[in-house]
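Grab a pencil and work through a few exercises on the structure below. Each one has a task, then a solution taken step by step.

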Amino acid sequence: MTIPANDPALRSWVPVPEGSDFPIQNLPLGVGAWNGVAAVPLTRIGDRALDLSVLAEAGLLNGLGLAREAFDAPALNPLMAAGKAGVRALRQRLSELLRHDNPVLRDDNTLRDAALVAADQVSMHLPVVVGDYTDFYSSRQHAYNVGCMFRDPANALLPNWLHLPVGYHGRASSIVVSGTPIRRPMGQYKTAPDAPPVFGASRQLDMELEVAFITFKGKALGERIGTGEAEDRILGLVLFNDWSARDIQAWEYVPLGPFLGKNFGSSVSPWVVLLDALEPFRTASPEQDPPVLPYLRQQGAHHFDIALEAAIATGDGRETVISRTNFKHQYWSMAQQLAHHTVNGCNVRCGDLMASGTISGEAPESYGSLLELTWKGTRPLKLHDGTERRFLEDGDTLVMRGHAGHGAVRVGFGEVRGTVLPALPYL
Ligand code: CA
């Protein structure tokens, strides 16, 4: 009997610890390697990773419209070629294979032992080959805060902000998977408004707490994707830390926007939580005033209730949570972002990544960047060891986590982390 993969009553024969981000209702996709074996597509359940190439070799993933070779690929892009329908069928099949009452994999010791591996034994890779990366700026509180700091509260939101999802094209080459260290960038910045610029290691290294979506192949160049069909073009979501050097950014950004202050690294969580798995956590989109232009109108709920947090871990490994926020604190939905991105005929490709922009809630402890949390460094944060932070220091590890739901079914992302390395000496 087919039971929908989101059914809260489902349980698996694989033990899932209480509070795990990865119950049978999640089944995210990722790519990883262990024991010297080449990286392959995986799913995750509880504390185990499940090797999809083993299941495919055993014929358990036949009949889904997915190419056999896609399960041996070191990225999810070939699997994504089958589009939303293919990935949805795959998740449903995985749900059935992992159901507590399905003996096919559960009772086949050889196959089960070949396919299931402890997740902490797996070296996770970037889940997709990212073609293009776009960064939006869709949290009203974040845009307001930054406007207050760099302009004035009366004109904090620029005139276009309530009419279109502001964004810019970022750099795909420097997107890295969780665990990859980030080297403090060097660059030009000013130390005082009237002083000439200097060259040196950034003194204002920051995080940006974001969620990013990954696209299936869109439409042909010249065509557009409407808000009503946009979510069919989205595979799923990852946590996204868009590392930023505020001093470099402040000096360089006029008039064309972010450049070297942003493109030295962005970190993603390794498991792509499918949009289908987040369906139960849909929540109302905010009322938009002034009304948006017709091409940005949307019917129904297009926001998702995903609790997010950021923490700084110092050298001793102990963490201090510095922000708790929620993905629902977005003014523009992903559907509106994708519709806007393509309204001029811009084509999106399989594996493009689009980030939300820093997600800040209304409460000061829910701001999604150190720039806001310390208000440009004027209100330092105290960490567990008594030290203070205005911005990130060498050796700090920034950790972000996120999950939807609580109680019966919790669908989570795991984490994205990265440690700050000292700047490379300039000789
Ligand atoms: Ca950003």
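## Warm-up: an arginine and its partners

Arg-417 has a relative accessible area of 28%, so it counts as partly exposed. Keep in mind throughout that this is a predicted model.

**Exercise 1.** Find the salt-bridge partners of Arg-417, place the pair with Glu-319 in the chain, and name the network they belong to.

*Solution.*
- Step 1: Start with Glu-319, which forms a salt bridge with Arg-417; the closest N and O atoms are 3.8 Å apart. The cut-off for a salt bridge is 4 Å, so this pair qualifies.
- Step 2: Place the two ends. Arg-417 sits in strand S26 (residues 411–421) and Glu-319 in strand S21 (residues 319–326), so this pair links distant parts of the chain, 98 residues apart.
- Step 3: Now try Glu-415. Its side chain meets that of Arg-417 in a salt bridge of 2.7 Å, N to O.
- Step 4: Check the cover on the two acids. Glu-319 is partly exposed because its relative accessibility is 31%, and Glu-415 is partly exposed too, because its relative accessible area is 25%.
- Step 5: Follow the shared partners. Salt bridges join Glu-309, Glu-319, Arg-324, Arg-401, Glu-415 and Arg-417 into one network. For the whole model, the salt-bridge count comes to 25.

## Around the calcium ion

**Exercise 2.** Which residues are the protein donors of the calcium ion, and how are they spaced in sequence?

*Solution.*
- Step 1: List the donors. They are Asp-135 (OD), Glu-208 (OE), Glu-210 (OE) and Asp-242 (OD), and they lie 2.2 to 2.3 Å from the ion.
- Step 2: Write the spacing of these donor residues along the sequence: D-x72-E-x1-E-x31-D.
- Step 3: Pick out Glu-210 and Asp-242. Glu-210 is in strand S13 (residues 209–215), while Asp-242 is in the loop between strand S14 (234–241) and strand S15 (244–245); the pair links distant parts of the chain, 32 residues apart.
- Step 4: Look at their cover: both Glu-210 and Asp-242 are buried.

**Exercise 3.** Is Trp-243 buried or exposed, and what does it touch?

*Solution.*
- Step 1: Locate Trp-243 in the loop between S14 and S15.
- Step 2: Read off the accessibility. Trp-243 is at 0%, so it counts as buried.
- Step 3: Relate it to one of the calcium donors. Trp-243 and Glu-208 are 35 residues apart in sequence and 6.0 Å apart in space, C-alpha to C-alpha.
- Step 4: Leave aside neighbours within four places in sequence and list contacts. Among them are Ile-182, Asp-206, Phe-264, Ser-267, Leu-392, Leu-398 and Val-420.
- Step 5: Zoom in on Ser-267: its side chain and that of Trp-243 are joined by a polar contact of 2.8 Å.

**Exercise 4.** Where does Ser-174 lie, and which residues is it in contact with?

*Solution.*
- Step 1: Ser-174 lies in the loop between strand S7 (167–169) and strand S8 (175–177).
- Step 2: Its relative accessibility is 13%, so Ser-174 counts as buried.
- Step 3: With neighbours within four places in sequence set aside, Ser-174 is in contact with Asn-263, Phe-264, Gly-265 and Ser-266.
- Step 4: Check the polar atoms. One in the side chain of Ser-174 is 2.8 Å from the backbone oxygen of Asn-263.

## Helices H7 and H9

**Exercise 5.** Describe the surroundings of Thr-227, then the salt bridge of Glu-229.

*Solution.*
- Step 1: Thr-227 is found in helix H7 (residues 227–230), and it is buried because its relative accessible area is 10%.
- Step 2: A polar atom of the Thr-227 side chain lies 2.6 Å from the backbone oxygen of Arg-297.
- Step 3: Not counting residues up to four places away, Thr-227 touches Tyr-295, Leu-296, Arg-297, Gln-298, Ala-335, Gln-336 and Ala-339.
- Step 4: Turn to helix H9 (residues 334–342), where eight of the nine residues are buried. Ala-335, Gln-336 and Ala-339 are among those buried residues.
- Step 5: Glu-229 forms a salt bridge with Lys-219, with the closest N and O atoms 2.8 Å apart. Glu-229 is in helix H7 and Lys-219 in the loop between S13 and H7, ten residues apart.

Definitions and conventions:
Residues numbered from 1 in each chain as written. Predicted model: local features only at pLDDT ≥ 70, side-chain atom pairs only at ≥ 80, totals over all residues. Heavy atoms only, no water. Donors = N, O, S within 2.8 Å, 3.2 Å for Na, K, Ca; no water. Helix = DSSP H or I, 4+ residues; strand = E, 2+ residues; numbered from the N terminus. Buried < 20%, exposed > 50% of the residue type's maximum accessible area, 1.4 Å probe, protein only. Contact = heavy atoms within 4.5 Å. Polar contact = N/O pair within 3.5 Å; in protein donor to acceptor, adjacent residues only side chain to side chain.
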